[in-house]
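Colleague: I'd like to learn how to read helix packing and nonpolar cores. Can you walk me through it with the model on screen?

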Amino acid sequence: MAEENDNSQEKTEEATPRRLEKAREEGQTARSKELATMAVLMAGAGGLLMFGGHLGAALEAIMKDNFVLERATIFDTREMSLQLMAAAKTAALALAPVLAVLLVAAIAGSVSIGGLLFSGKAIAPKFSRMNPIKGLGRMFSTRSLVELVKAIAKVLVVLAVAVLILHARTEDLLNIAEESARPAMEHVLWTLGWSFFLLSAATILIALVDVPFQIYDHQKKLKMTKQEVKDEYKDTEGKPEVKGKIRQLQREMAQRRMMADVPTADVVITNPSHYAVALKYDQKRMAAPVVVAKGADQIAFKIMEIAREHKVEVLRTPPLTRAVYHNTDIGEEIPDGLYMAIAQVLAYVFQLRQFRKGHAAKPGMPDFPIPPDLRRDL
C-alpha cells in the first residue's frame, strides 16, 4: 500500500488546462534565450548588409562636415553645438532602420515560443530566491549543467565557424593591401558584414537544440501527480459528496414545486401500484393537455394523496398512465398520439362531475385508445 502511495506522488501526469493557465498567470512559459540571441544577431547582421551602404554614406557625410570646419565655426560654441546636433540627427536617421529591425527581431525571438505574456507575478520579488541553500542547489542542478554545456558548445561552434571563415578568406584579405583606399574600405566592410552574418548563423545550431529542450523542460516542470490531478478536479468540478448533496437538494426543490402544482390539475391518472400523472388543460392558454406532475412509487402515492385532499379526480388507467409517464416530461404537452385518449379522460371527468351534481347519468369508463408505438408494458 505504501508503495502504491509513493508511485502516486511521482509526477507522471501531463499538465491540465487549468495548470497551464495558472502557470501563464504566474509568468511561467517556455522561453529560449538562444533563440532570442540568434534572432537578434541574424537581424543585426542582415540589417548591416542591407543598410550598410546607407550607414557608410552617413558616416562619410558626418566626417566631411566635422573634419572640415571654417575658423569662425571653430571658435563659435553655438555653431559647434549645432554641428553636433546635425551629426547626431544624421547618425540617428542612418541607424533607425537597423535599430527597427533589431527591435522586431528581439520581440519575435522572445515570443516565438510561449507567446506574448504580461504577468506582474513574474517580476514580483520572491524572498525564496534569496535563500543561499537553494541558490547553491540551483548552481549544481541539472539545468545549470545543461547551461554550462550550451555555453561551451556555443564557444566551440562559433570558434569553428570563425576558423573556417578565416581559412576561406585569408587570401582575399591579403589582397586588400594591394587595393586603393576607397575600394579597400568597401572590401573590408563587405567582408566583415558577411563574416558577421555567417558567425551569427552558427547560433542557429544552438537554437535548434535549445528550443526543444526548453519546451521539454517546461512541460516536465508542469507535470502533476495523480493526487494533484484529483485535487484539481475536486476544486474545479466540486467534491463528489457536495455535488451529490446539491443534486439531492435540487431534486427535493423540484418535487416540492411539482407537488404544489398538483392541486391545479384537472385529473390524476394512475397505475395505482407504480405511477401517477397529473394533467391540466386550459382551452384558452394551452394547445394540448400538459403534464404538471408525475412520479413513481412513493412520489406517485404522494401525488394521489395531495390530489384527493384537494378533490382532484383520480382515475385508475394503468396502460394510459404508463404511456403518458414514459413519453412525456413535466411541463410538456402530451404526444399527438395520446390526444384522443386524454380527450376521453377529460370528457369522462366532466361527465362524472355532472353526475355527482345530479345533472346527468353515471358515465361508463371508456376504453382509451393507445397507439402501439406509445404503449409501455412496465
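Colleague: At roughly what angle do the axes of helix α3 and helix α10 cross?

Modeller: Two packed helices are described by the angle between their axes and the distance between the axes. Here, α3 (residues 33-67) and α10 (residues 203-222) cross at roughly 155 degrees, and their axes come within 8 Å. Axes are lines fitted to C-alpha atoms, for helices over the stretch in contact, with angles from 0 to 180 degrees between N-to-C directions. Helices are DSSP runs (H or I, at least four residues), strands are too (E, at least two), and both are numbered from the N terminus. Angles over 145 degrees count as roughly antiparallel, so α3 and α10 are roughly antiparallel to each other.

Colleague: Before we go on, what sort of model is this?

Modeller: It's a predicted model: local features need pLDDT of at least 70, side-chain atom pairs count only at pLDDT 80 or more, and totals for chains, interfaces and linings use all residues. Residues are numbered from 1 along each chain as its sequence is written, and side-chain values use heavy atoms, leaving out hydrogens and water.

Colleague: Which residues of α3 meet α10?

Modeller: Contact means heavy atoms within 4.5 Å. K33, E34, L35, M38, L41 and M42 do so on the α3 side, meeting T203, I204, I206, A207, D210 and V211 in α10. These divide into 8 nonpolar, 1 polar and 3 charged residues.

Colleague: And how do α3 and α9 cross, left-handed or right-handed?

Modeller: A crossing is right-handed if the near helix is turned clockwise from the far one by less than a right angle, and left-handed if anticlockwise. α3 passes α9 in a right-handed crossing, whereas the crossing of α3 and α10 is left-handed. The axes of α3 and α9 (residues 181-201) come within 8 Å and cross at roughly 165 degrees, which makes this pair roughly antiparallel. Among the α3 residues in that contact are G44, A45 and G46; W194 and F197 are among those in α9.

Colleague: Now the cores: how many residues does the largest one have?

Modeller: A nonpolar core is a set of buried Ala, Val, Leu, Ile, Met, Phe, Trp, Tyr and Cys residues joined through side-chain atoms within 4.5 Å. Buried means under 20% relative accessible area (1.4 Å probe, protein chains only). The largest core here has 22 residues, and I269, L320 and V345 are among those with the most contacts inside it. Its largest share, 6 residues, comes from α15.

Colleague: What does L320 touch?

Modeller: Its partners include I269, L338, V345 and F368, not counting residues up to four places away in sequence.

Methods. Angles under 35 degrees count as roughly parallel, over 145 as roughly antiparallel, 65 to 115 as roughly perpendicular and the rest as oblique. Ala, Val, Leu, Ile, Met, Phe, Trp, Tyr, Cys and Pro count as nonpolar, Asp, Glu, Lys and Arg as charged, and the others, Gly among them, as polar. Buried means under 20% relative accessible area, exposed over 50%, partly exposed in between (1.4 Å probe, protein chains only).
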